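User: I would like a close look at one part of this protein. Please take the helix packing in detail, then the unusual backbone spots in the loops.

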Amino acid sequence: MQRTLGTCYYPEHWPEDIWQQDAARMVAAGLTWVRIGEFSWSRIEPTPGDLQWDWLDRAIDTLVSAGLKVVLGTPTATPPRWMVDRHPDMFALDQDGKPRGFGSRRHYCFSHQGYRKEARRIVTLMAERYGPGDRIAAWQTDNEYGCHDTTVSYSDAARAAFVRWLETRYGGDIGALNAAWGNVFWSMDYNRFEQIGLPNLTVTEPNPAHVQAFRRFSSDQVVSFNRDQVEILRAHSDAPIAHNYMGRVTDFDHYKVGEDLEIASWDSYPLGFLEDRVGASPEKQRRYARQGDPDFQAFHHDLYRAVGRGRWWVMEQQPGPVNWAPYNPAPLPGMVRFWTWEAFAHGAEAVCYFRWRQAPFAQEQLHAGMLRPDSAEAPAIVEARQVAEELANAGDVAPSQAPVALVFDYDAEWAWQVQPHGQGLTYFDLVLEHYRALRRAGLSVDIVAPTQSDFSGYALILAPGLMHLTDSLRKALAKAEGQVLYGPRTGARDADFKIPTSPLPPALDGLEVVVAAVESIRPDMPLPLANVDGAVTGYLETLETAAEVLVEIAAGQPVAVAAANQVYCAGWLDGDGLDHLVATLCARAGLGICKMPEGVRRRQTATEEFWFNHLAEPVDTEVGTLPPAGVFRRLRKS
């Protein structure tokens, strides 16, 4: 697989007489791809039915004639103002019932049938015009589903669609829904489906089963909306189709959206995310302010490799300071090159920089580009040019299965959000902390979906926090030959959010464990582990088991227990505790580890080994001294 570079371009923002010059400069910088069109609806159709394709025709012809490959985005993320006049109730409503209105982007509800019809219409027109032939090398559906908290809507349209969804799910039997949800509690029984509202604006917390069902429905609406576009594009074009997901946007099931696409892509903003989404301590934010978190980007690279079933891109790579985080520093010199190679190390086919030229107007005018607003070169284009030169001598990507699999489940993320049981406890953080510990041990990781049916070849499989453990995944994990880690909260709820009554967790094959009690731990009252560094923080289950104890707290209560290759961890361990547990699991699996210095990470493929220094100072490693923002790459022996 060849590794390529690209950028995101908005010809409608610039005078037409510079398009050709821009295209030539892109090619000269070593770029292959250019994404256009995803926000262009008002220029394509300035008034209803007045279709103005000529400018887009010329832009595509200019880019293709220069030797670039065009990714064309469907423009449905930014419906024009006249669309709101036509469908004034098309907005999503937030949890307080307030509309998410016009004036920026993503101002629509996924359940609004009027807008969905309009979206299908414009995508059909675009597909009919640009699908035939080879002018378009790839497509992108919409833009950043779920960004700005726009997946979940509490509109009338969402309520009507939710009622239909529930009626289908429970076979039209309202009694089955009442029983599944436990509506006898607080006299919440319904007589018919039409009585069911949305789980907001209640006096106190709504029924968690109701909320989880609504989260699943909201995810399915995104899947359905995306599928509408994919089916239209496929009817007119053979080019692959992608969507650009975001970092730590978990409101919909990316795997299910990805099943309809050829390519998964995501938008990587390491410095913005450090301040906005990582949840790093102030000390860590200062230390990595100009480099980004050592694991957050890599986690998403591995996640979207799974979503894309091996095919994935970075559709938007941060090129300099962004405009939207609490603080927006410039990257350390070399970081744009660093981030690009990090993506390629994890198997990316393409890395595209957002954006080509910094906009002198509107909301993103402080977002850096590859060029300044005056068209002079910004630092990013210099580093991109360097990567292009390095790629010419780097050879193709040779992906391979990692030795470790880590299950990530969007349904579990929603369940923890619905019922965290302790302030600040999230499934995403639990999985990310396990991923960090694996990376600190120098291990390469495959993130896998909860639908994974075969774990052959993995020495170690981690499945923490799966509050609802499906029968199919339980059976697949039971068949695995590698070491398998469960818990905490594994199997703690059934598919309708009830606690299983016998036993908890339900029948982990070969590992007899009963959770007798659960508690959440105050952050200022960690429970130290016995005989090793580390502590239980956040969450702890009391186990009844005769299994071998691998880890216990100082008071003697077991935390991690094992039988054969099955291991259950009953607590949320801190970093030191997870490092100890990972080392223990690797020893049981016969898997060697390489403890990484602070800020240094390693990634291995079938043919290459990469070392990355995320620190602002040099670090000595076994492969030599890595400079700040240093990347070391070597071929692996066959």
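Analyst: What follows starts with one helix and its partner, moves to a second helix pair, and ends in the loops.

The model is predicted. Start with helix H18, residues 575-589. H18 has 15 residues. From its first C-alpha to its last it reaches 21 Å, close to the 21 Å expected at 1.5 Å a residue.

Which residues of H18 are buried? They are Gly577, Leu578, Leu581, Val582, Thr584, Leu585 and Cys586. Buried here means under 20% relative accessible area. Just after H18 comes Gly590, with a positive phi of about 70 degrees.

Now the partner. Helix H16 spans residues 427-440. The axes of H16 and H18 come within 9 Å and cross at roughly 60 degrees. H16 and H18 are therefore oblique to each other. The crossing of H16 past H18 is right-handed. On the H16 side, the contact is made by Glu433, His434, Ala437, Leu438 and Arg440. On the H18 side, Gly575, Leu578, Asp579 and Val582 make it. Sorted by class, this contact has 4 nonpolar, 2 polar and 3 charged residues. Two names recur: Leu578 and Val582 belong to the contact and are also among the buried residues of H18.

The second pair is H13 and H14. Helix H13 covers residues 335-345, and helix H14 covers 379-391. H13 and H14 pack at an angle of about 40 degrees, with their axes 8 Å apart. That angle makes H13 oblique to H14. H13 passes H14 in a right-handed crossing. From H13, the contact takes in Met335, Val336, Arg337, Thr340, Trp341 and Phe344. From H14 come Ala380, Glu383, Gln386, Val387, Glu390 and Leu391. The residues of this contact divide into 7 nonpolar, 2 polar and 3 charged.

H14 also leads to the loops. Between strand E8 (350-353) and H14 runs a loop that holds Arg355. The peptide bond from Phe354 to Arg355 is cis, with omega near 5 degrees. Another cis peptide bond joins Gly487 and Pro488, where omega is about -15 degrees. Pro488 sits in the loop between strand E12 (483-486) and strand E13 (514-520).

Where do Ser187 and Leu201 lie? Ser187 is in the loop between helix H7 (174-181) and helix H8 (208-236). Leu201 is in the loop between H7 and H8 as well. Ser187 is not a glycine, yet has a positive phi of about 50 degrees. Leu201 is not a glycine either, and its positive phi is about 60 degrees. Are these residues buried or exposed? Ser187 has 68% relative accessibility, so Ser187 counts as exposed. Leu201 is exposed too, with a relative accessible area of 66%. The cut-off for exposed is over 50%.

Last stop: Thr545. Thr545 lies in the loop between strand E15 (535-544) and strand E16 (548-552). Its relative accessibility is 28%, so Thr545 counts as partly exposed. Which residues does Thr545 touch, leaving out those up to four places away in sequence? They are Glu512, Val513 and Val561. Thr545 and Val513 are 32 residues apart in sequence. In space they are 5.0 Å apart, C-alpha to C-alpha.

Technical notes: Residues numbered from 1 in each chain as written. Predicted model: local features only at pLDDT ≥ 70, side-chain atom pairs only at ≥ 80, totals over all residues. Heavy atoms only, no water. Axes fitted to C-alpha atoms, helices over the stretch in contact; angles between N-to-C directions. Helix = DSSP H or I, 4+ residues; strand = E, 2+ residues; numbered from the N terminus. Parallel < 35°, antiparallel > 145°, perpendicular 65-115°, else oblique. Left-handed = near helix turned anticlockwise from the far one by under 90°. Contact = heavy atoms within 4.5 Å. Nonpolar A, V, L, I, M, F, W, Y, C, P; charged D, E, K, R; others polar. Expected span 1.5 Å × (residues − 1). Buried < 20%, exposed > 50% of the residue type's maximum accessible area, 1.4 Å probe, protein only.
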